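Open the model in your viewer and have the selection panel ready. We will go from the inside of the protein to its surface, one selection at a time.

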Amino acid sequence: MASSSTPFHECRTYYLKSGISQSGFSSVRIPIRWSAHTLPSDPNTIDDAFMSRVQEVVDQAIQENLKVIINTHHFNELFYDDRDYSYQRSRLLKFWQQISNRFPISQYGEEKLIFEFLNEPHEDVGVREWNSLVVDLTNLVWNKNANTQNNALGQRKVMIGTADWGGVAKLPYLRLPRAANPKNTIITVHFYEPFKFTHQGASWVEGADGWIGTRWLATQSQRNVLLDYLNVVDKWNAAPNRGFEINIGEFGVYSLYAPPEDQQAWTAFITREAEKRGYSWNYWEYSSGFGAYDPHSGHWRKALLGGLIPEDVDSL
Ligand code: BGC
């Protein structure tokens with residue numbers, strides 16, 4: 001799919017079976033819960049079978065011509081273990097040390113594999129904690145692991161999100177280290193506004209049952225709400241020494257209750273706005289509650305896919 005920026009179109013695994021790349025997607029973002037597959041105490045070794053499985057999935061995706069983002073997903077001990085924040089923080093750095101060892105830039109080039117340090121920092125990882133982690137994580141990858149993560153062409157590309165669940169609101173508080181530049185850094189934000197629409201009936205969100213029936217009809221005022229958020233991003237990125245690739249790393253509508261036509265209209269609106277602005281995007285997600293692919297029928301959900309990639313849907 002053509003785009004001036006590098007588009008990252010989200011899906012989980014099974015791309016081979018379902019043909020993610022053939023459906024027009026050019027990237028997968030693979031959410032990985034390292035903390036559940038790592039020794040809980042020193043030296044926090046990642047289980048080798050798990051690491052190998054991740055590597056296998058990354059390899060398959062690259063063979064399918066998909067760009068790959070790997071992240072740290074659902075690291076709840078870091079967010080909620082108040083007694084031991086500094087220990088959990090050191091674990092995050094240890095994950096990325098081991099990931100850096102396994103995925104050298106000589107084998108996984110900077111245009112093929114992106115490291116996204118942490119999905120949706122929140123709770124114990126506020127603005128201050130996140131800014132400090134970003135310094136240490138970039139230092140770890142670009143300096144401490146310079147021999148495996150830098151080459152003549154550049155450095156490992158990293159993806160950096162925002163505190164407070166990855167939303168746009170905390171973007172103005174993100175402090176990037178001096179070494180970050182548009183060649184080695186992508187800024188990612190998550191987009192689920194209006195939350196009462198996108199998360200209506202979501203079992204993991206308190207009170208979401210009360211939102212069932214919330215519509216998104218693409219009225220001017222509804223569109224303006226979304227445009228205001230996107231404009232915050234544009235404004236931030238237009239400041240001197242910025243001009244980063246912006247990635248909408250998650251956006252989507254929980255499917256169980258939202259009317260499919262609203263879901264499609266919202267998804268198409270965000271996708272087209274992102275593309276207009278030169279942002280890349282990753283739809284959340286592949287085949288679960290928000291899924292573009294229906295694993296039961298073995299087919300893509302055409303209306304939704306049509307909202308994401310209108311030019312390709314007819315050929316399916
Ligand atoms: C979370 C998922 C959740 C999604 C939408 C993601 O970042 O990891 O568990 O389904 O956001 O709420």
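Start by selecting E116, L118, N119, E120, G161, T162, G166, T188 and H190: together they line the largest cavity of this predicted model. Colour these residues by class and you will find one nonpolar, six polar and two charged. The space they enclose comes to about 30 Å³. If you are tempted to look for further cavities, a search of the whole structure finds one of 30 Å³ or more.

Keep E120 selected and add W165, Y192, F195 and H199. You are now at the largest pocket, and these five are the lining residues nearest its centre. The lining as a whole has 32 residues, and the pocket holds about 800 Å³ of space. Which elements give two or more residues to this lining? They are α3 (76-80) and β7 (185-191), so show both next to the pocket. The largest share, three residues, comes from α3. Colouring by class again gives 15 nonpolar, ten polar and seven charged residues around the pocket.

For the last stop, turn to the surface and select I212, L256 and Y257. These three form a nonpolar patch, with about 290 Å² of accessible area together. Now centre the view on Y257, in the loop between β8 (245-251) and α9 (260-276). Why is Y257 classed as partly exposed? Its relative accessible area is 38%, and the partly exposed class lies between under 20% for buried and over 50% for exposed.

Note on methods:
Residues are numbered from 1 along each chain as its sequence is written. This is a predicted model: local features need pLDDT of at least 70, side-chain atom pairs count only at pLDDT 80 or more; totals for chains, interfaces and linings use all residues. Side-chain values use heavy atoms; hydrogens and water are left out. Patches are made of residues with over 30% relative accessible area and no salt bridge: like charges are joined within 9 Å, nonpolar side chains (Val, Leu, Ile, Met, Phe, Trp, Tyr) within 5 Å. Accessible areas come from the Shrake-Rupley method with a 1.4 Å probe; for residues, only the protein chains shown count as cover. A salt bridge is a side-chain nitrogen of Lys or Arg within 4 Å of a carboxyl oxygen of Asp or Glu. Helices (H or I, at least four residues) and strands (E, at least two) are DSSP runs, numbered from the N terminus. Buried means under 20% relative accessible area, exposed over 50%, partly exposed in between (1.4 Å probe, protein chains only). On a 1 Å grid over the protein atoms alone, a cavity is a set of points where a 1.4 Å probe fits but cannot get out, and a pocket is an open set with protein on both sides within 12 Å along at least five of seven lines; lining residues have an atom within 4 Å of a point. Grid points are joined across faces, edges and corners, and a volume is the space filled by probe spheres set on the points. Ala, Val, Leu, Ile, Met, Phe, Trp, Tyr, Cys and Pro count as nonpolar, Asp, Glu, Lys and Arg as charged, and the others, Gly among them, as polar.
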